[in-house]
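This report describes one protein model for a reader who is new to structural terms. Each term is explained where it comes up.

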Amino acid sequence: MGNNDHAVLICPAFFDYKVLIENQLTKRFTSVHSFSDRPLCSSIGKALIKYNVANYNHFISRQYSQQLLDKITPLIHDITTVIIVKGTCISPLLIQGIKRLNPKVRVVVYCWDSIANSNGFVQLAAVADKAMSFDFADCQQHQLEYVPLFYPDDNTSNAASNKSANSYQYSFIGSYHGDRAKLLYQVVNNQQGHSTASFIKIYFQSKIQFCVFYLLDPYVRKCPKEWITFDIIDRDTMNDIFSDSRFIIDIHHKGQSGLTMRTWETLSLDYNLLTTNPYVLLHQPIAAIDILDRTNGTVWSNDQKQQFVKQVAIGNISTTPLSLSHWLDTLLK
């Protein structure tokens, strides 16, 4: 990068991944200006945005994008690169406004969610210089560049040194969505014969969200109370739990094929992964991964895994695991 290159990062504050990206960008740019991809709002506001109630997302996206443009404008001639991740409340008008003020600015957009959960991303991709997604199926459908997600550069420092003596049969740390509570309950209760315990933490953003799904989801009501948390577990504690687990469970969103950061972290440390996402088989040897069938809670045979790989035409895509630094290099190419 140049001697006075500035970058803008617009990204969800998702666990600590935004901070990790910021830290890597500071090694590449003179200055990094970081913003959330949506305005600060209550749980009700987040729900209105997510479900676009009364076209609320469209309204707030235009308003928030103008606020960001106002903040960026005084720096516009120093900015060389804008990176937008997901763009929950980002309007294409922001990209167009940036280009109007400084046509030399390069705008790259990346989606680490499925397009089904990020309806506005396709519009952002249409006006960006480069558009990428972690979701293999979405890339095929929307002509996006496939770039898998990352694991932190220092992730290998906690390599699996205690795999021979695990305190936990299973561990899972993640947000509530879809059928996660149901599958976790089924997996753990199918293993009652094991003497080892499981470490399960299902994160809810608020007690209001928990109350809603406590009423709607019978498996949330069945979950032991120690499974429920409203606090984000720090990375060091999470790594300690994973290193002390025989299997790390990954339950992906239905209709999503992309591999999450948690998946890549697990694979980079050579831990045992039990996942509902068969697309991981495009990146790892078949024998190294256990696929959990979310319809019946069983584990796929090798024949089932081989059949899936044959059915999916992967074409010329990268199947190499990416550290965060290499992921950023790919985005900035």
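## Charges

The protein has 30 positive and 28 negative charges, and the mean positions of the two groups are 5 Å apart. Lys and Arg count as positive and Asp and Glu as negative, while His and the chain ends are not counted. The place of a charge is taken as NZ of Lys, CZ of Arg, CG of Asp or CD of Glu.

## Basis of the model

This is a predicted model, in which local features need pLDDT of at least 70 and side-chain atom pairs count only at pLDDT 80 or more, while totals for chains, interfaces and linings use all residues. Residues are numbered from 1 along each chain as its sequence is written, and side-chain values use heavy atoms, with hydrogens and water left out.

## Overall form

The C-alpha trace of the protein spans about 65 × 40 × 40 Å along its principal axes. The radius of gyration is 21 Å, which agrees with a compact globule, because a globule of 333 residues would have a value near 20 Å. This radius is taken over C-alpha atoms, and the globule rule is 2.2 Å times the number of residues to the power 0.38.

Of the 333 residues, 50% are buried. Buried means under 20% relative accessible area, exposed means over 50%, and partly exposed lies in between (1.4 Å probe, protein chains only). The accessible surface comes to about 16,000 Å², and carbon and sulfur atoms account for 51% of it. These areas come from the Shrake-Rupley method with a 1.4 Å probe; for residues, only the protein chains shown count as cover. A contact means heavy atoms within 4.5 Å. Among contacts between residues at least 6 apart in sequence, 71% join residues at least 24 apart.

## Two parallel sheets

The protein contains 13 helices and 14 strands. Both are DSSP runs numbered from the N terminus: helices are H or I with at least four residues, and strands are E with at least two. Two strands pair if DSSP finds at least two bridges between them. Strands of a sheet pair through backbone hydrogen bonds, either parallel or antiparallel.

One open sheet has 6 strands in the order β2-β1-β3-β4-β5-β6, with parallel pairing. Its edge strands, β2 (31-35) and β6 (145-146), each pair on one side only. Within this sheet, β3 (residues 79-85) and β4 (residues 106-111) run parallel and are joined by 5 bridges, with V85 opposite Y110 in β4. The strands β4 and β5 also pair in the parallel sense, over 4 bridges, and C111 has S133 of β5 as its bridge partner.

In a regular strand the side chains alternate between the two faces of the sheet. In β5 (residues 130-133), K130 and M132 point one way, A131 and S133 point the other way, and all are buried.

Another open sheet has 6 strands in the order β10-β9-β8-β11-β12-β13, again with parallel pairing. Here the edge strands are β10 (228-229) and β13 (290-291), each pairing on one side only. Strand β12 (residues 273-275) runs parallel to β13 and is joined to it by 2 bridges; L274 stands opposite D290 in β13.

## Two loop residues

Is S114, in the loop between β4 and α5 (121-127), buried or exposed? S114 counts as buried because its relative accessibility is 1%. Leaving aside residues up to four places away in sequence, S114 touches F134, D135, D138, G255 and Q256.

D234 lies in the loop between β10 and α10 (235-243). With 42% relative accessibility, D234 counts as partly exposed. D234 and K86 are 148 residues apart in sequence and 23 Å apart in space, C-alpha to C-alpha.
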